[in-house]
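User: I would like to learn how to read the surroundings of a ligand and the pairing of strands in a model. Could you take me through it step by step?

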Amino acid sequence: MTSELVETPVLIVGGGPAGLTASLLLSRHGVESLLIDKRVTGSPLPRARGVHSRAMEILRVCGVEPDLRAVELPITPGAEWRVDLTGSPLREDVPSAGRSPVSPCEGLSVSQDVFESVLRDHAGGYPAGRLRRGALLESFRTVDGGVLATVTEQASGRATHVRARWMIAADGARSGVRRQLGIAMNGPDDLGRQTMIAFRADLTGRTGARPRGIYFLTATGAALIWTHADDRWVISQPGPTAAGEDPATVVRRVLGLPDLTLDVLATNPWTAAAQSAAQFARGPVFLAGDAAHRFPPAGATGVSAAMHDVHNLAWKIAAVVHGHGGEKLLDSYATEREPVGRRNADETGIAWTRIFSGDGAPFRGRSLAQLDMGYQYTSPVIVGDASPDADPPGADYHQSATPGCRAPHLWLADGSSTIDLFDRRFVLLTAEPGHAWRDAAASCPGAPVDSHVVTEAQWPDLYGVAPDGAVLVRPDGHVAWRSVTPSTDPKADLKTALTTSTGG
Ligand SMILES: Cc1cc2nc3c(=O)[nH]c(=O)nc-3n(C[C@H](O)[C@H](O)[C@H](O)COP(=O)(O)OP(=O)(O)OC[C@H]3O[C@@H](n4cnc5c(N)ncnc54)[C@H](O)[C@@H]3O)c2cc1C
């Protein structure tokens, strides 16, 4: 029997947050892809319950945010420390009230299974992004600079060959693709074992109708998280459960509620790790998400970082497919994302260890906002200037338009944000006096550039330019280049900046 041969520009292996976001973004960039996932249903455990602001910005631009807000859990933000659930709070960590000054998006509280189902609906709405569930990547090899993969339809056992120009390995922490490529993970792989128990119980008598984001129960060192509106919760407690111990008994003991009525839904032992892959790309294969890095849940950054990876990658693949990006642009994926993977693994690893060394403070290095939004890319496709490092350890997050940084958020007169401008094309930002730059953009050959005049008076200061300066922002919302002052030859300067930032 001859196997079917399917051709696609991009094969995405894995339909978790990384793979689904890759599919969605590639489709929006007009690039066809085929996503396969061995699972037929969504993730069986709630896993993550948080997505941070930067990932929500990506989803805002893609039009997914309203559907996610509609299923968001009405938590009371912050953390509470109690001896067990019967005790009064020993300590509270309450985020400052009011809208964030640095982002149009708040973080989202929703369980990963719900999050993925919304994301899958959106990704599946684009004809360019084919999604195949119950399809296992059996093996692959590189052929003619691309990938030839064997995929098995699990229900029928039927094999399909898939020929792709590139493959995104979004196949999770145990990535078979990464193992086949022999790419090592650096960093500690065992920062302590935990047991997660998902259960259903009415705890409103102890938590109220809007529970805290997380409860740390100090008698057992466990964490308690509300996951679904229908009374579903998880606890994660250090170590394995005693042999033969009933999980329901463990939950009652951890909560200090010996008579609690509950249904245990699932148990899952897991090990915290703080690792990053030695290489994020090899030939036509890109590692993304947990396949590229594993973070302990201090700060809950795993899902968000998985999405940041593919946000960096998707527009670059699109630029090459559409003929305005050179291969060097694809090399910059690893150059830009590997340091972020190492930084996040190091910081969350230290933070996780500190949680268990007793002071309970989640981050003593970079703040959570800095981890989420502060990373600054340095690569041959970023036109650096002499500005100081915008992402020093130990600082809080300050918005910066230093090349390589996420372009700062600013509310615009029409109620939108600057973040909404960064989608499928490069954007040249100028203030009113920057007409020479706008003329240059209108006649510049190469990658498509939109010009936007920012009329808000704060813009030059926020973006670190004179009123007649200019800032070039990539489709992933990172600053590619800026000219602090006007130029004697704006067209030549802009052309050079665009050529560099598209890997030409
Ligand atoms: C117990 C637990 C708690 C967590 N808590 C948090 C948290 O609070 N906050 C947070 O941000 N993160 C948390 N995480 C981490 C978070 O779940 C991951 O960071 C996130 O799922 C990474 O997304 P991903 O798309 O890279 O990988 P995954 O979500 O793991 O997706 C990988 C996909 O690849 C598929 N796959 C694998 N191999 C193949 C193959 N050969 N062929 C086809 N398909 C394949 C799998 O079926 C899976 O769907 C937690 C993780 C665990 C285990």
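**Reading the ligand site and a hairpin**

Analyst: A good start is a single contact: a polar side-chain atom of Arg-47 lies 2.7 Å from an oxygen atom of the ligand, and please keep in mind that this is a predicted model.

User: Which other side chains have a polar atom by an oxygen atom of the ligand?

Analyst: Asp-37 has a polar side-chain atom 2.5 Å from a ligand oxygen, and an N or O atom in the side chain of Arg-39 is 2.7 Å from an oxygen atom of the ligand.

User: How much of the ligand's accessible area does the protein cover?

Analyst: On its own the ligand has 1000 Å² of accessible area, and the protein covers 87% of that. The elements giving two or more residues to the shell are helix H1 (17-28), strand E6 (135-143) and helix H8 (302-321), and E6 gives the most, with 3 residues.

User: How do the residues of that shell divide by type?

Analyst: The ligand is surrounded by 27 residues, which divide into 12 nonpolar, 8 polar and 7 charged.

User: Now to strands: is E22 enclosed or open, and why?

Analyst: A residue counts as buried under 20% relative accessible area. In strand E22 (residues 479-483), 5 of the 5 residues are buried, so the strand is largely enclosed by the rest of the structure.

User: Which strand pairs with E22, and in what sense?

Analyst: Strand E21 (residues 470-473) pairs with E22 in the antiparallel sense over 4 bridges, with Val-471 standing opposite Arg-482. The two strands form a hairpin with 5 residues between them, and Gly-477 in the turn has a positive phi of about 75 degrees.

How values were computed:
Residues are numbered from 1 along each chain as its sequence is written. This is a predicted model: local features need pLDDT of at least 70, side-chain atom pairs count only at pLDDT 80 or more; totals for chains, interfaces and linings use all residues. Side-chain values use heavy atoms; hydrogens and water are left out. A residue is near a molecule or strand if one of its heavy atoms lies within 4 Å of it. A polar contact is a pair of N or O atoms within 3.5 Å; within protein, one must be able to donate a hydrogen and the other to accept it, and residues adjacent in sequence count only if both atoms are side-chain atoms. Accessible areas come from the Shrake-Rupley method with a 1.4 Å probe; for residues, only the protein chains shown count as cover. Ala, Val, Leu, Ile, Met, Phe, Trp, Tyr, Cys and Pro count as nonpolar, Asp, Glu, Lys and Arg as charged, and the others, Gly among them, as polar. Buried means under 20% relative accessible area, exposed over 50%, partly exposed in between (1.4 Å probe, protein chains only). Two strands pair if DSSP finds at least two bridges between them.
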